[in-house]
Each structure stands twice: as structure tokens, then as C-alpha cells.
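Here is a short report for a reader new to this structure. It moves from strands to helices, then to salt bridges and single residues.

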Amino acid sequence: MTPEELHKIAETELEAKQQTQHTLCVCMAAGCVSTHSDKVKESLAQQIEKHGLKETCKVKGVGCMGLCMAGPLVAVEQTGALYQMVAPQDAEEIVKNLGKQPVKRLVCDTTQPFFTRQKKIVLENSGVVDSERIEEYIAAKGYEGLLEALTSMNQAEVVEQVSKSGLRGRGGAGFPTGLKWGTVAKARGERKFVICNGDEGDPGAFMDRSVLESDPHRVLEGMAIGGYAVGASQGYIYVRAEYPLAVKRLKDAIKQAERLGLLGHNIFGTTFSFNIEVRLGAGAFVCGEETALIASVEGKRGQPRPRPPFPAERGLWDCPTLINNVETFANIPPIIRNGGEWFAGIGTEKGKGTKVFALAGAVKNTGLIEVPMGISLREIIFEIGGGIPDGKKFKAVQTGGPSGGCIPEQFLDMQVDYDSLAKVGSIMGSGGMIVMDETSCMVDVAKFFMEFCMTESCGKCVPCRVGTKQMHELLSKITDGTATDENLAMLEELCDVVKNTSLCGLGMTAPNPVVSTLRYFRDEYMAHIHDHRCPAGVCKIGKEQLATV
Amino acid sequence: MNPSAQKTLSVKTLQINGKDVSAREDQTILDVARENGVFIPTLCNLDGLTPVGACRLCLVEVKGSRRLLPACITQVQDNMEVSTNTETLVKYRKMILELLFAERNHVCSVCVSNGHCELQAMAQKLGVDHIRYPYLYPKLAVDASHDRFAVDHNRCILCQRCVRVCDEIEGAHTWDVQGRGTASLVITDLNQPWGTSESCTSCGKCVQVCPTGTLFEKGRASGEMTKREFLPYLTLMREERV
């Protein structure tokens with residue numbers, strides 16, 4: 001592959017696009033497929049054939065369009081019209097109306113804040129390009145970042161651009177990406193590796209899955225650029241086996257890129273070679289922790305080990321290893337294309353760029369959103385999310401999954417970035433955002449997350465293995481209405497010991513949901529303990545409990 | 001530079017509990033503390049095996065570090081200021097022991113290792129006289145299918161010493177861990193009865209390194225299971241050969 005060949009592919013693709021009058025884009029990400037968007041796509045194709053529009057109209061599968069609750073979604077590329085909750089029998093009407101007024105009863109309003117308030121960098125191609133065709137990605141400036149890095153930048157310049165961008169790790173902890181790349185680039189070792197962490201496991205989070213399903217090449221390109229910057233020639237992408245569609249698209253994407261010479265030996269005729277292999281997770285949440293993930297890739301039991309040494313120094317097979325999250329790598333190609341300063345111009349002082357969130361729970365518009373850092377929680381929930389359904393009252397928003405905390409109403413106007421979320425006792429996390437209304441019992445929520453941590457603890461270190469179990473028992477006692485003040489004191493003491501003595505991030509952050517709900521909703525705990533009642537009416541206590549026996 | 005000069009390890013100086021001490025750069029905080037007569041409690045650590053930092057008893061405070069660090073695995077650095085016995089550390093260590101005692105069925109009076117158990121001794125040494133957490137009483141099996149040895153999961157603290165000695169010293173890797181969280185169990189081969197294990201060489205090293213009464217020789221009654229210390233000898237022999 002030469003630069004000319006790459007541009008030729010893009011031109012051919014764009015020409016073909018111009019010759020098509022109407023392109024129907026059907027969302028083929030997991031959310032819409034679960035509501036049978038594949039059947040919708042099929043019948044749209046049949047209708048086009050039936051109406052003899054085969055020459056001028058095209059149907060293509062695209063990635064996630066964001067508003068998952070309104071799926072299956074179908075967009076008309078040329079006019080920008082968006083149809084929601086499309087059934088296979090609606091296909092005829094949609095096809096008949098191509099080039100005329102859109103079908104009114106199916107139209108989804110794209111002027112609502114859900115669409116207008118977002119800023120898309122990571123998701124710029126999601127819902128636009130066909131994730132199964134590399135040509136479309138190339139036509140959307142794909143692999144140009146890699147081309148630029150390989151042909152007109154040296155390794156240090158790539159690292160410098162990433163540092164300049166101010167990008168921080170999107171996996172949750174927010175470590176400066178440029179610093180990590182610089183460290184791995186400097187680390188001494190005959191072989192180095194790049195790993196992409198796609199072991200997304202937080203309950204309610206599906207950002208990485210959507211990126212991998214919608215735009216897999218972007219992640220591959222980011223990894224290849226990373227490989228060039230740190231001096232690695234082999235990459236592994238670790239995806240959980242529960243994401244079969246993402247795995248399939250990734251594997252196909254790797255094959256396509258290899259066929260075109262965008263992965264493999266001497267990419268763009270340079271001395272740089274890079275290969276990527278997929279590794280599947282076997283269902284352990286802890287394998288999202290980098291040292292456990294590395295152990296798993298090595299074929300060992302997925303258990304974390306103490307750091308330091310960090311993977312940057314001793315990672316996969318004891319070689320220096322660059323390990324970043326899916327969304328982090330997905331940010332790299334536009335940073336290289338547009339320069340680090342462009343990226344640093346978006347967001348806040350300490351949080352640059354955008355963040356993808358999976359908006360879920362008691363909110364009208366659930367789905368995938370990408371917003372600039374610094375947007376307020378209120379804007380996300382009440383404008384983009386459309387507020388709380390059924391006239392209920394907002395109670396809290398949970399960010400960061402089992403490692404995060406619950407944020408109450410008083411902090412809704414706070415800016416969303418790493419530091420402000422940490423200040424109120426939560427974390428940015430990988431991007432799960434669960435909204436809760438007045439019908440959620442906060443003790444029950446804490447118990448849910450504690451149960452998750454308890455069953456997902458790898459069992460290596462004592463405080464996480466046994467501490468989470470004891471905390472879960474205590475929380476169960478509270479929700480049963482049989483706990484005492486001593487039990488609560490013991491729970492708080494356990495929070496402290498588990499947080500401070502656990503080996504890895506899973507244990508260190510496992511108490512967060514309890515600590516944050518105790519901080520803001522202590523009265524609910526007290527109501528369970530002293531008055532033996534659940535203010536939200538979720539926990540069955542006393543009489544109700546007897547009645548169910 | 002000649003090759004032997006490259007091998008030379010540099011020397012570091014640091015403070016442990018306010019006392020100035022010196023160390024080779026490849027030593028851990030635990031090594032140096034022991035050399036200087038400073039006691040740091042350990043359970044999963046065993047000289048001669050790769051440290052894993054699992055029991056969390058050896059956590060120490062290091063000035064400037066946000067986190068507590070496991071002494072068994074943390075290498076010394078110049079000017080480190082280490083505290084091994086602060087009030088918080090003592091509290092955490094006792095709580096961790098309590099958690100261990102509440103996890104499985106540690107009934108000392110009827111245990112083969114009564115009086116020779118590292119968990120029991122550690123609890124006595126650290127002054128754990130009550131277990132405040134509710135006992136979890138899991139139902140766990142005893143596997144006595146091996147000719148000479150038996151494994152009683154009720155006493156296991158998952159220190160992984162057996163796993164490591166079998167892999168690193170004997171080279172058989174018969175033992176490993178299955179399951180997650182409190183459901184974790186040490187297993188032989190692919191979780192088959194020990195007596196049917198094809199990789200086990202019946203060397204008995206795992207039995208000798210077990211800190212509690214989990215792995216024991218058959219025919220020992222309550223309190224009769226004592227251990228031989230062979231790893232320090234092996235380590236010494238290896239070092240001398242170099």
C-alpha cells in the first residue's frame with residue numbers, strides 16, 4: 001500500500017457515493033440488532049429491488065447512532081432524516097417516500113438536544129460508515145493518521161502530539177496518555193507490546209462495545225500509531241467473549257487491514273511492521289485490571305499482581321507494554337490528523353477532549369452519547385437525556401460502575417471531568433452513567449454493587465476476597481431491617497480496610513458505592529436500621545417480609 | 001567496564017522506623033527489616049518462593065506514597081522512610097486476620113497443625129483475641145484420595161504457597177487455583193482427586209510449606225503435624241553455586 005493507493009481507494013469510494021441518490025443506513029450495532037434491525041435491513045433491500053430502485057438506492061449497515069432506546073434506527077444519508085422504531089413492515093413506506101417528505105409517523109426529531117448537544121470525535125464515524133467495509137473508513141480519512149505518523153513524524157513527535165493533546169486514559173483512572181507512551185518509548189527492551197483493553201465489564205456500560213462494533217478500524221489505527229510511537233511490532237486486543245459481534249467485526253477488520261497492507265510488514269513502504277491479534281476474555285471482570293489482563297493474555301489465571309513494576313516497564317512476558325483502553329486508542333487517529341493542540345482546545349483545563357457515556361437507568365433517552373468534558377451533569381441528564389420519565393423525581397446518578405459512587409442532586413451543576421467527579425466521591429470511570437429516581441433505594445444500590453464486587457473478586461488478596469463478602473452480609477442485614485448501629489460501624493470500618501489494603505483497583509474501589517451513599521444518603525441507612533422501613537419501598541422489611549415467607 | 005563490574009549492585013540507605021539502615025538495591029523492605037531485627041508479619045511470603053503480596057499482612061507505610069506497600073515485594077529505594085508498626089497498620093493487620101478466621105472453618109482444637117500453625121501463631125503474636133465478624137461456615141470438602149497426604153479446604157487461607165512451590169521448586173505445577181472470590185479453591189490438575197493426579201510426584205513439598213493444617217500427612221492426629229524447613233537450605237545451596 002502506497003499513500004497514492006490509499007487516496008485512490010478514498011476517491012473511488014466517494015465517487016461511488018455521489019452516484020447513489022439515496023442511501024439508507026440501518027443501525028447494525030448490538031442494541032438495534034437485538035430489536036431485529038437485521039430484518040429491517042433485509043426488507044428494505046427487498047423493497048428497493050421490488051420498486052426497481054436498485055441502481056440509485058443503497059442499503060447499508062452502519063454502527064451505533066446513539067439513541068438506543070428508539071431502535072431499530074434507520075437514517076437517510078443524503079437528507080439526514082432519521083426513522084425510529086422501524087419494523088420490517090415499514091420498509092415499503094420508507095422506500096416509497098425516498099426523495100419526498102419523510103414518513104411522518106416514524107420520524108425521529110434530530111433537532112432535539114440529544115443530537116445537537118453532543119460533540120463527536122470518538123464516535124464521528126459511528127452510525128455513518130459501514131463498519132464491515134474498510135473502504136468506507138478510508139473514505140472518512142481513515143488510516144491517514146497512521147500515514148502521517150509513519151511518513152512525516154518520528155516517534156518522539158508522535159508522543160509529543162499525544163502529550164500536547166492532554167488526552168487522559170479513558171479506562172477510568174485518567175492517567176495522562178502522552179506520559180504513558182513516553183515511558184514505554186523510553187523503556188529498554190528487545191521486544192515491546194501494545195495491548196488494547198476491551199474488557200469492558202461495568203454493569204450498564206457499553207461504550208467500548210459500541211466503538212468496536214461501529215468503527216473497529218479506528219481502534220486498529222490508534223494501536224498501530226501507538227506501536228510506532230513506542231517501538232512495538234505486535235499488538236493484542238483483549239475483548240470479552242460476551243461481545244461476539246464486536247469480536248467478529250474486529251477480526252474481519254484486521255483481515256481487511258492486513259489484505260490492504262495497512263497492518264503487517266513494512267506499512268506504507270516504511271520499516272515499520274505491526275500485527276494485531278484478538279484475545280478473548282473468559283468472563284472475569286478483574287481482567288479489566290491491566291496486570292490481570294496481561295496474565296490472562298499470557299494464558300495464566302487472570303489475577304492482578306502488585307505494581308510497581310508497571311506494565312510500561314515489565315508487562316506482557318516481562319517486556320515493556322503499552323496498555324490503553326479502547327476509547328483512548330480511538331481518540332488517537334484524529335489527534336494525529338488534526339494535531340494535539342486542536343484536541344487540547346476542547347474540554348476543560350484538566351480534562352481535554354470528549355467522553356463517551358452509556359446513559360442508562362431512569363432517564364428518557366437511554367443510549368450512547370459523546371459530550372465535551374466540562375459539560376454539567378444536569379445538561380447530560382435533563383437536556384440530552386430528556387429528564388426523568390413518568391414525572392418522577394431525580395435522586396442520584398451513578399458514575400464509574402462498581403468502582404464509582406452515587407452523586408446526589410446538589411452536585412448536578414458540577415462540571416464533568418476527572419477531578420471534579422473524584423472530589424464528590426465518585427470517579428469518571430470508563431463511562432457508565434446510571435440515573436436513579438426516587439424509587440431507587442440507595443442501600444439496595446450499594447448492595448447490588450457490593451454483590452458484583454464480591455462475586456468478581458479474584459480471591460487473591462484477603463481484604464477484597466473476604467472483606468467484600470462480609471460487607472455484603474452487613475448490607476443484606478440492613479436491607480432486611482435486622483441491622484444495628486454496631487453493624488453500620490463495622491461496615492464503615494470494613495470500607496476503610498478494604499480500600500486501603502487491597503492489592504488492585506477492584507478491591508481499592510469496591511467500597512466506593514457504600515462510602516458515597518453513606519455520605520449523601522445516610523438517612524436512608526438510618527431509616528432501615530432504626531425505623532425498620534425502606535423509604536423508597538424497595539426492601540421488604542418486617543411485615544412485608546413475613547408476608548412473603 | 002569489565003563484565004564483573006556490571007554485576008555489582010549498588011547500595012541504598014533508608015530509614016525503617018526512624019533507624020538508618022543500608023541495603024543492596026535488589027533487596028525488599030522485608031529483607032532489610034529482617035536483617036535489622038524489625039518484625040513485619042507475613043503469611044503468604046516464604047523465602048525461596050516468588051512473593052505474591054496476597055495476604056496483605058506485611059503492608060507498610062512509606063513516606064510520600066499514597067498507598068500502603070507490601071514489604072515482601074517492594075524493593076528498597078534511597079532515602080525511603082518506612083514505618084512498619086503504626087497504629088493504623090496494627091489495626092488493619094488484626095482485621096485481616098479476623099477476616100481470615102471468619103472465612104473458613106478454622107477450629108484449632110481439632111486441627112492437625114494445632115500448635116504448629118502459622119495463622120494461629122500470627123493471631124497470638126498480633127493479639128487477635130476476638131473475631132467480631134460473623135463466621136461464614138462454608139461447606140468444604142476434604143480430599144484424602146492421595147496415598148500419603150490429604151487436603152482439608154476448611155483450613156486453607158489461599159496463600160498459594162503450595163501452588164508456587166509445586167511450580168517453581170518441584171516443577172510439576174500440580175496445584176493451581178480455581179474459582180473466584182470466596183469460592184476460590186486450590187485444586188490438583190484439572191480439579192480431580194489428588195490421588196488420581198498424573199502430574200503429582202508425591203514429593204510432599206506442598207505439605208511442608210502449608211502454613212496451616214490444610215495440607216497434611218495422613219496418620220497425624222490433632223496437633224501432630226509439624227513441618228520441615230527445606231526452602232532456606234535450597235536457596236542457600238543455589239546461591240552458593242553461583
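A residue counts as buried when its relative accessible area is under 20%. The model is predicted.

## A covered strand and its partner

Take strand β8 of chain A, residues 321-325. The strand is mostly covered, with 5 of its 5 residues buried. Which residues lie on each face of β8(A)? One side holds Thr321(A), Ile323(A) and Asn325(A). The other holds Leu322(A) and Asn324(A). All of these are buried, and both faces of β8(A) are covered.

β8(A) pairs with strand β5 of chain A, residues 193-198. The pairing is parallel and runs over 5 bridges. Within it, Asn197(A) stands opposite Asn325(A) of β8(A).

Strand β5 of chain A also holds Gly198(A). Buried or exposed? Gly198(A) has a relative accessible area of 0%, and the cut-off for buried is under 20%. Gly198(A) is therefore buried. Setting aside neighbours within four places in sequence, Gly198(A) is in contact with Tyr238(A), Val239(A), Arg240(A) and Val326(A). Glu49(A) is 149 residues from Gly198(A) along the chain, and their C-alpha atoms are separated by 39 Å.

## An open sheet

Chain A also has an open sheet of 4 strands. The order is β2-β1-β3-β4, and the pairing is mixed. Its edge strands are β2 (57-62) and β4 (82-83) of chain A, and each pairs on one side only.

Strand β1 (residues 22-27) and strand β3 (residues 74-76), both of chain A, pair in the antiparallel sense. They do so over 3 bridges. Cys25(A) has Ala75(A) in β3(A) as its bridge partner.

A helix lies across this part of chain A. Helix α3 (residues 37-50) of chain A spans β1, β2 and β3 of chain A. It runs at about 170° to β2(A).

## Helices

Two packed helices are described by the angle between their axes and the distance between the axes. Helix α19 (residues 462-480) and helix α23 (residues 522-530) of chain A pack at about 70°, with axes 7 Å apart. α19(A) and α23(A) are therefore roughly perpendicular to each other. From α19(A) come Leu475(A), Ile478(A) and Thr479(A). They meet Tyr525(A), His528(A) and Ile529(A) in α23(A). The residues of this contact between α19(A) and α23(A) divide into 4 nonpolar, 2 polar and no charged.

Helix α10 of chain A covers residues 207-214. How many of its residues are buried? The count is 8 of the 8, so α10(A) is largely enclosed by the rest of the structure. Among the buried residues of α10(A) are Asp208(A), Arg209(A) and Glu213(A). Met207(A), Val211(A) and Leu212(A) are buried too.

## Salt bridges

Over all chains, the count comes to 44 salt bridges. Three of them are set out here.

| Pair | Closest N to O distance |
|---|---|
| Lys17(A) and Glu77(A) | 3.9 Å |
| Lys300(A) and Glu298(A) | 2.9 Å |
| Arg161(B) and Glu118(B) | 2.8 Å |

The pair Lys17(A) and Glu77(A) links distant parts of the chain, 60 residues apart. Lys17(A) sits in helix α1 (residues 3-19) of chain A. Glu77(A) sits in the loop between β3 and β4 of chain A. Lys17(A) counts as partly exposed, at 37% relative accessibility. Glu77(A) is also partly exposed, at 25%.

Lys300(A), with 54% relative accessibility, counts as exposed.

In chain B, Arg161(B) forms a salt bridge with Glu118(B). Arg161(B) lies in helix α5 (residues 161-170) and Glu118(B) in helix α4 (residues 118-126) of chain B, so the pair ties together parts that are 43 residues apart in sequence. Arg161(B) is buried, with a relative accessible area of 2%. Glu118(B) is partly exposed at 32%.

Some salt bridges share partners. Such sharing joins Glu13(A), Lys17(A), Lys60(A), Glu77(A), Arg133(A), Glu135(A) and Glu136(A) into one network.

## A loop proline

Where does Pro102(A) lie? Pro102(A) is in the loop between α4 (91-96) and α5 (113-116) of chain A. With 32% relative accessibility, Pro102(A) counts as partly exposed. Not counting residues up to four places away in sequence, Pro102(A) touches Ala81(A), Tyr83(A) and Val107(A). Pro102(A) and Thr509(A) are 407 residues apart along the chain, and their C-alpha atoms are separated by 50 Å.

Notes. Residues numbered from 1 in each chain as written. Chains lettered and ligands numbered in written order. Predicted model: local features only at pLDDT ≥ 70, side-chain atom pairs only at ≥ 80, totals over all residues. Heavy atoms only, no water. Buried < 20%, exposed > 50% of the residue type's maximum accessible area, 1.4 Å probe, protein only. Helix = DSSP H or I, 4+ residues; strand = E, 2+ residues; numbered from the N terminus. Pairing = 2+ DSSP bridges. Contact = heavy atoms within 4.5 Å. Axes fitted to C-alpha atoms, helices over the stretch in contact; angles between N-to-C directions. Parallel < 35°, antiparallel > 145°, perpendicular 65-115°, else oblique. Nonpolar A, V, L, I, M, F, W, Y, C, P; charged D, E, K, R; others polar. Salt bridge = Lys/Arg side-chain N within 4 Å of Asp/Glu carboxyl O.
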